[in-house]
Amino acid sequence: MIGPRHQRNGVPNQDALIRFGGAYGDGMVVCDGMGSKPYADFGARSACKTIPQALQIWLNEPHATDEQLLRLIHIVWNMKVQGKGANDCATTCLFAFAPASGGEILLAQLGDGLAVYHSAEHGLRRLTPDVGGITNRTTALGVATSLEEWHFARIPAADDATILLATDGVSNDLLQETIGEFTFGLRDQLQNLTAQQRTAFLKNELQNWPRPEHSDDKTIALMWRGHSAQTH
Amino acid sequence: MTFSSKYTAQTPPKFPVFILADASASMADNGKIDILNKAVRELVDSFRSIPQDVRIAVITFSGSGAIFHSAFERAATFQWEDISTQGGTPMGQAFTKLHDWLTDKHVIGSTDYRPVIVLATDGQPTDDWLGPLDTLNNHERCMKADRFALAIGDDVNLTTLNKFVEPALRNDAAAGRVYQADKASQIKDFFNFVVVTSQNRVKSNSTAPTILGEAPTNIMDITPSHSTRYGAADR
């Protein structure tokens with residue numbers, strides 16, 4: 001959902017998301033093009049296309065490492081933005097992927113935003129530590145110089161697993177101590193709705209975002225065992 | 001009332017501005033402290049004109065140690081009382097006090113704008129400043145603040161100021177700047193520049209790169225790796 005500031009200034013929504021899936025598994029990507037970069041929206045959309053492509057190549061090589069997946073993401077994204085310049089397309093990138101083989105879920109984050117996992121057995125896990133919204137150092141595709149800037153985890157594919165990805169337009173306004181309740185509360189709200197109703201519900205949430213004077217673009221994507229819902 | 005209302009901050013984000021002001025005895029020379037007092041008063045007036053919830057804290061450091069001259073007050077109701085001068089330059093104590101506030105989540109929450117910190121000094125620290133500055137610079141919550149420093153005159157320890165802005169520069173090449181002013185009257189120009197830059201920050205958002213205001217033509221940008229002089233034809 002485009003934020004009030006970009007709407008006022010006639011700037012396009014710089015958030016992007018994609019839900020993808022197939023015989024190889026299911027996943028979702030959420031990206032937030034960086035502030036003043038001239039092609040931030042293009043960079044974010046390109047990153048969304050990059051993740052499923054990179055995953056498919058990576059999954060075909062049974063001995064490929066997690067590090068090689070992250071390197072491949074940079075290579076594919078750099079190719080997509082080559083014509084405009086990587087730095088001018090800088091974007092955060094968060095993704096979750098559940099392989100069809102039933103192995104561990106992959107959860108990854110480069111830059112600001114929120115990636116959380118919840119299951120009854122494992123509780124709430126947040127990919128980046130809660131050190132306060134002002135503290136995350138800004139990194140992104142097009143900015144990062146080391147794979148160490150990624151946060152990456154393999155997490156158990158529990159039967160009741162729920163994953164939430166959100167851009168910082170959402171995560172910066174959430175009360176940190178209620179992120180768990182927000183995540184599984186949202187799942188409870190959505191899980192009995194049709195796909196169309198879920199989209200309408202999330203759109204209504206973002207269109208009527210309750211934080212006074214909020215300004216940023218907003219994207220939420222939620223995936224849980226058996227279903228997923230998303231909007232931005 | 002939507003589902004998200006229960007989980008979302010219900011107050012507008014605060015925009016924190018911290019000013020570290022040298023109030024040592026040497027600031028009384030050539031009317032520097034008078035001009036600093038006037039500049040801060042005008043800065044507060046400027047911030048009153050923007051709609052965001054600007055909060056201003058002023059830490060002075062002098063013979064009395066580092067003290068909160070004004071503790072994180074709303075710009076709208078801020079009443080400035082002039083700073084007086086005495087004694088040495090315990091800048092290390094000021095860094096410690098700033099660190100304690102920046103790391104207090106009750107003062108600056110996770111949903112607030114990232115802070116702007118302004119340091120104005122005309123001298124050399126007279127206490128142990130390196131340890132407190134390292135502590136400030138290495139704390140995750142302190143790293144993302146924009147930092148601006150003004151060296152007033154030639155007797156300033158620039159190593160200290162460069163080290164002070166270093167974390168901001170690592171995040172965003174425009175988010176940390178060191179300026180040098182030769183004349184007391186240039187303090188006001190520096191503060192005007194900080195106001196415009198801060199206004200650009202809040203018009204944007206907390207995470208967007210810093211958009212610098214137009215730098216004054218009579219102070220010199222001496223930021224490491226960015227030593228550009230702005231129109232200093234009179235020098």
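What follows is a walk through a two-chain model, starting with its confidence scores and then taking each chain in turn.

Keep in mind from the start that this is a predicted model. Its overall scores are ipTM 0.85 and pTM 0.73. Chain A comes with a mean pLDDT of 88, and 93% of its residues reach 70 or more. For chain B the mean is 82, with 86% of residues at 70 or more. Confidence also varies from element to element. In chain A, helix H3 (residues 66-81) has the highest mean pLDDT of the elements, 97, while strand S10 (residues 227-231) has the lowest, 58. In chain B, helix H2 (residues 91-102) comes out highest at 93 and helix H5 (residues 186-203) lowest at 76. One stretch to treat with care is residues 227-235 of chain B, where pLDDT stays under 50. For that stretch, the model has eleven contacts beyond four places in sequence.

Now to chain A, which has six helices and ten strands. Its radius of gyration is 17 Å, close to the 17 Å that the globule rule gives for 232 residues, so chain A is as compact as a globular protein of that length. Along the principal axes, its C-alpha atoms fill a box of roughly 50 × 45 × 35 Å. Of the 232 residues, 49% count as buried. If you take the contacts between residues at least 6 apart in sequence, 73% of them join residues at least 24 apart.

A good place to look in chain A is an open sheet of five strands, with the order S1-S2-S3-S4-S7 and antiparallel pairing. Strand S1 (15-22) and strand S7 (150-155) of chain A are the edges, each pairing on one side only. On average, and ignoring direction, neighbouring strands in this sheet are turned by 10° against each other. Zoom in on strand S2 (residues 25-32) and strand S3 (residues 93-99) of chain A: six bridges join this antiparallel pair. Within it, Asp26(A) sits opposite Ala98(A) of S3(A). Helix H2 (residues 40-59) of chain A packs on the sheet and touches S1, S2 and S3 of chain A. The direction of helix H2 of chain A makes about 155° with that of S2(A).

Over in chain B, the strand to follow is S5 (residues 146-152). Is S5(B) mostly covered or exposed? It is mostly covered: seven of its seven residues are buried. In a regular strand, side chains alternate between the two faces of the sheet. Here Asp146(B), Phe148(B), Leu150(B) and Ile152(B) point one way from S5(B), Arg147(B), Ala149(B) and Ala151(B) point the other way, and all are buried.

S5(B) also has two parallel partners to trace. Six bridges join S5(B) to strand S4 (residues 116-121) of chain B, with Ile117(B) having Arg147(B) as its bridge partner. Between S4(B) and S5(B) the chain crosses through helix H3 (residues 130-138) of chain B, in a right-handed β-α-β crossover. The other partner is strand S6 (residues 176-181) of chain B, again over six bridges; there, Ala151(B) stands opposite Gln180(B).

A last stop is Gly31(B), in the loop between strand S1 (14-22) and helix H1 (32-48) of chain B. Why does Gly31(B) count as partly exposed? Because 13 other C-beta atoms lie within 10 Å, and the partly exposed class falls between 12 or fewer for exposed and 20 or more for buried. Its C-alpha atom is separated by 17 Å from that of Glu81(B), 50 residues apart along the chain.

Conventions: Residues are numbered from 1 along each chain as its sequence is written. Chains are lettered from A and ligands numbered from 1 in the order in which they are written. This is a predicted model: local features need pLDDT of at least 70, side-chain atom pairs count only at pLDDT 80 or more; totals for chains, interfaces and linings use all residues. pLDDT is the predictor's confidence in each residue, from 0 to 100. Helices (H or I, at least four residues) and strands (E, at least two) are DSSP runs, numbered from the N terminus. Two residues are in contact if their C-beta atoms, placed from the backbone, lie within 7 Å. The radius of gyration is taken over C-alpha atoms; the globule rule is 2.2 Å times the number of residues to the power 0.38. Two strands pair if DSSP finds at least two bridges between them. Axes are lines fitted to C-alpha atoms, for helices over the stretch in contact, and angles run from 0 to 180 degrees between N-to-C directions. A crossover is right-handed if, with the strands pointing away from the viewer, the path from the first strand over the helix to the second runs clockwise.
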